[in-house]
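Subject: Structure handover and findings

Dear colleague,

Please find the structure below for your records. My account of what was found in it follows directly after.

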Amino acid sequence: MLGGGEVIGELQTSWDKLLDHGDEPFQLSFPPVRGVHPFLTLKAVVVHFCDNQDGALFDSLVDCEIAREADAGHAQFAEYVTNKTVSHLNAAVEHFQLVLDQCPVSHPDRAAALTNLAWARLKGCIRNDLQDIDATTFLFREALALRLQHHPDYCLSLYNLTEALTWRRNKRSTAADIRESAKLYHELLPLYPKGTFLRSIAAGAHGVDYVIDGCNDLPIDASDEGVHLRRVVLELCPLGHQHRLRALDRLAQAVEARFDQHGSIDDLDTSIRLGRDLVSLCPEGHADCASYLNNLAFSLVSRFNHQGKPNDLDEAIPLYEEALRLRPVGYESRDSSLDNLGGALATRFNKHGVIDDITQAISLYREALTLRPPGHPRYDTTLNNLALALKTRYGKLHVSEDLNEAIDRYRESLRVIRLDDPERHVNLFNLSSALCSRFTHSQKNEDVEEAITLCQESLAALPSLHPDRYFSYGWLQQAYMSRYLMQHDPADLSLAVENFRLASGHPTQGFPDRVEIALRWVDEAESYQHDSALEAYQTCFELFDSHVMTRSSIISRREAATAFRGTQSLPGDAALCAICRDNLRQAVQLLEQGRGQQWSLASRLRTPLEDLESTCAELAHKFSRLSKQLSDVQGSTASTDRAAADRAATEYRGLTRQWEVAVAEIRDLQGFSRFLLPPSYEDLQAAARHGPIIIFIASQYSCSATIVPTSGEPHHIPLPSVALTDLNNLKDRFARAIRHASLMGPKEPRNDLMVLLRSVWDEIMLPIVNVLQQDLKLKFRRIWLCPTAAFTSIPLHAAHPFRTNADGSKEPCLEDLYICSYTPTLSALVRSRQTMKKRVTPSFVTIGQGQPGTGKGKALLAVDSELELVHKLVPAMANCTTISRDAATRAGALQALQQNTWVHLACHGKQDPTQPYNSHFVMRDEPLTLLDIMERDIPHAEFAFLSACHTAVGDEKTPDEVIHLAAGLQFSGFKSVVGTLWEVDDAVAKHVVKVFYENMFMDLKDGGDMDCTKAAWALNRATHAVKTEVPLEQRMVFIHIGV
């Protein structure tokens, strides 16, 4: 017999023929069965017993008895298979049971005995000739347990157990049996190659295919075990398998459901990846194509809601539209497509505010409702969705009929939904929000009281980490806030703040939603002067930081940072809030934390590790390796292939988790508890080691300055005559005055500029100078200016009274009194000083491109002579080289930046106001962008002179950022940078360049080291020296940044 009891042949031979083979094994072949040629391998041995071996003789007799009973059982079973006679089955079972009784647990043939008995019983159960399938299954389990993985019959035992389980599932519809069968087949099939008999019966329609189909019919289980089962089933369906599409779909739905419960973005990414695979494999005209499109779009919208990536919503809406096209009027599932497309359009309306989107969404929901009349299982869902869309449109158009209909629809949906429905909490807090909206207009107390009760009921229905608790907290906050505005009970304001705190801190909700509610918390706390305002600002910055860090490329981080409205002045507002509470130290910390975020996030991957290496070299190496891997993967995530970008983002997230674990390990070390945490005031004050730093704070509430001295407490200087609108106006007036001056002759007075610079002196810089001289009694001549927000567009260093004293002497300007430098942030200055510890032999390169080519700007005729001039002034110790004309390409310039410590660059500079990372230096072939520069780490670089236009002009959209070419070079490693604020006239710039380098290297004729810290002083000397040769706007265009 073979496998399932088929009779394949009859063996008739004499003992003499068997013994003729001696001790060697031999094979007997049989006719083919199902394309397989079965055979037996036999070995005949003669055993002689001595009289004194009674024990051995007894064992031999027992084995002979076992063999006889087993043979008799097989003979009876063969008769049963052939003739279907129950008496033969009963006889076979009786013989096999006798065999099993003589094979204790330690007996080598017990597994075979168990299998023989179980197989006979299973066949009897299948033909309804026997019952008790549970006992049969137990026998197979015991046989499998006795045959370890490398046993020759291990696979057969796996298969036997699957047969029993699938038959029991077929009789009882037991989900556990089909799940276990799938896992057994997952283990079994790889062990038996194609072409073997066991593979042929296991892989058939009644084997694994039956199990796959059964698993696909199971309800979606979002548990880890349920998701694992779906993965197992998918692996049982290779490419081309008839069930692969459905297996992909069920796995995608399972991980999506797990995301809904636990909020892990990895699950959502996996669901989208599987959905894309599914859509790409689905042939045109496939019956389930619309469902697959719909499910992929649903996952994309979920990720958009969680992360705020606009590409996800842009991809989802066409998928929903195509799914709806495939479900015309009369199609069974058209209602689902109407509902889903309506939801996506409503989401897009919330993002962009186009009224046609929400109006179309309402129309789609109304059509869906006609297809889901009362009694339909999804009737309540569509009612809820229609109500939400109506309330959303009410928020835009304020038509009371929309709000009243929304409330009626919400009430109807709550009336029909089951009390145990897992989505009932959504209906509860949605009705609550609508009642709050009506309360603000009707002032009917019953509306807000009901709203609060509904939110509390929704919270009671949800586990502590359910993502939707965020919405319940949010609407409950709104309800308390609405009641506070009408009744002015401070307890309601406190309750609203507590729910702000809970919503913004809810860990399983996406960062964009949490940032939005934290921003609302800031607004409400500021409006009503609540004590939680500083906490709200701090929460905003922490969430903002976490949200931006989830983006895996530099450009996508900026997109995330600019996605929130009204955040440009947030750092200044936070600082002012701390100042109003007499906490100047925290004001400095908050301003630093809220500003320069793009730089600080990227700089985490380039942290100096000397101290850590001396404490724990292994951990320092691990952190350095992970930081490099994270830095490297950033570039690959900007792919236009969305699937590739998703894979890169997943890799980035995995590396980020490892990196965060390494950071946590470092913080456990003594002395490293604040590693990479926002710097304290003491940390930031290190930036003022060589002179005070003046931070200019521009807030929507007021403008001021804060001086961070070399030691002691910061000093606050109000600027009462300056408002944010004044600064914006001043910025525009400077831009017009500069453009006008560029058209004037070199000797004509720049009266417009002089008026503006006098205003900057009188209203901004003079109050600060008075504090520096009178209160601080400043001994240093160096000061650093750290402008924020609108201050970044004002040439503060050029402030000038343009007045004469009574004795006929000229009143000094700022640059007469101090040597001024700029710093984008305090942390940037601290980092530059930290990396000054390692000095290398200086090397100098001049890079110039005066002939950029058609469409890249006018020719700069003085570039070559400027490079020649610099080359002559650079001391021989620096080994100066020059790259210009055809050699001044993007690649050539990048290589020169990385290989030299000092750089002079003369060319066109272009600031991109919409995407500052695309700001660039114009080279012969391709532009050298800010992003190119930032992606290079040049730790030994020291000084760069950027004799190009617009190299120190920042980005207006990013919250209080200074993203420009000069700051990019400083980030990449250059400690000291000279940049420009506007267009440079190359014909006159060389006068400043000449005097600058003469002063820079004046002490090196008799030896000494090149010192980049002299750059600010040399620039100050140069701009004073060329007053008669260079017009005012071309002198003040140059600024120094860094040490």
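The side chains of Glu 998 and Lys 994 form a salt bridge, with N and O 2.6 Å apart. Both residues belong to helix H41 (residues 986–1000), where they are four residues apart, about one turn of the helix. Glu 998 is partly exposed at 33% relative accessibility, and Lys 994 is likewise partly exposed, at 36%. Please note that this is a predicted model.

In total, the structure contains 41 salt bridges. One of them joins Asp 335 to Arg 372, with 2.6 Å between the closest N and O atoms. This pair links distant parts of the chain: Asp 335 sits in helix H15 (residues 334–352), while Arg 372 sits in the loop between helix H16 (355–371) and helix H17 (379–397), 37 residues apart. Both partners are buried, Asp 335 at 7% relative accessibility and Arg 372 at 2%. Another salt bridge pairs Asp 492 with Arg 483, the closest N and O atoms being 2.8 Å apart. Here too the partners are buried, with relative accessibilities of 2% for Asp 492 and 13% for Arg 483. In addition, a network of salt bridges links Asp 134, Arg 168 and Asp 177.

A further buried charged residue is Arg 303, with a relative accessibility of 1%. Arg 303 lies in helix H13 (residues 289–307). Not counting residues up to four places away in sequence, Arg 303 touches Ile 265, Leu 268, Asp 269, Ile 272, Arg 276, Gly 308, Asp 312 and Asp 646.

I turn next to the cysteines. How many disulfides does a search of the whole structure find? The search finds zero. For Cys 436, the closest cysteine sulfur is that of Cys 455, and at 6.7 Å it is too far for a bond, the cut-off for a disulfide being 2.5 Å. Cys 436 is buried, at 1% relative accessible area. Cys 880 also counts as buried, at 15%.

The aromatic residues come next. The whole structure holds 17 aromatic pairs. In one of these, the rings of Phe 500 and Trp 521 have centres 6.4 Å apart and planes at 5°, so the pair is stacked. Phe 500 belongs to helix H22 (residues 490–504) and Trp 521 to helix H23 (residues 511–527), and the two are 21 residues apart. Phe 500 is buried at 1% relative accessible area, as is Trp 521 at 1%. By contrast, Phe 945 and Tyr 997 form a tilted pair, with 5.9 Å from centre to centre and 35° between the planes. Because Phe 945 lies in strand E14 (residues 943–947) and Tyr 997 in helix H41, this pair ties together parts that are 52 residues apart in sequence. Phe 945 is buried at 0% relative accessibility, and Tyr 997 is buried at 0% as well. Both residues belong to a cluster linked by ring pairs, which also includes Phe 844, Trp 902, Phe 943, Phe 996, Phe 1001 and Phe 1038.

Phe 996 appears again in the nonpolar interior. The largest nonpolar core has 274 residues, and Met 765 and Phe 996 are those with the most contacts inside it. Helix H34 (residues 751–775) gives the most to this core, with 11 residues. Leaving aside neighbours within four places in sequence, Met 765 is in contact with Phe 696, Val 760, Leu 785, Leu 796, Ala 799 and Leu 814. Apart from the largest core lies another, of 12 residues, among them Phe 623, Trp 659, Val 663 and Phe 675.

Finally, the strands. Strand E6 (residues 782–787) and E7 run parallel and are joined by four bridges. Leu 785 has Tyr 822 as its bridge partner in E7. Strand E7 (residues 819–822) is covered on both faces: Ile 819 and Ser 821 are buried on one side, and Cys 820 and Tyr 822 on the other. Elsewhere, three strands form an open sheet in the order E11-E12-E13, with antiparallel pairing. Strand E11 (909–910) and strand E13 (928–929) stand at the edges with a single partner strand each, so one side of each has no neighbour in the sheet. Two bridges join strand E12 (residues 920–921) to E13, and the bridge partner of Phe 921 in E13 is Leu 928.

With kind regards

Key
Residues are numbered from 1 along each chain as its sequence is written. This is a predicted model: local features need pLDDT of at least 70, side-chain atom pairs count only at pLDDT 80 or more; totals for chains, interfaces and linings use all residues. Side-chain values use heavy atoms; hydrogens and water are left out. Buried means under 20% relative accessible area, exposed over 50%, partly exposed in between (1.4 Å probe, protein chains only). A salt bridge is a side-chain nitrogen of Lys or Arg within 4 Å of a carboxyl oxygen of Asp or Glu. Two strands pair if DSSP finds at least two bridges between them. A nonpolar core is a set of buried Ala, Val, Leu, Ile, Met, Phe, Trp, Tyr and Cys residues joined through side-chain atoms within 4.5 Å. Contact means heavy atoms within 4.5 Å. Rings of Phe, Tyr and Trp (its six-membered ring) pair if their centres lie within 6.5 Å; planes under 30 degrees apart count as stacked, over 60 as edge-to-face and the rest as tilted.
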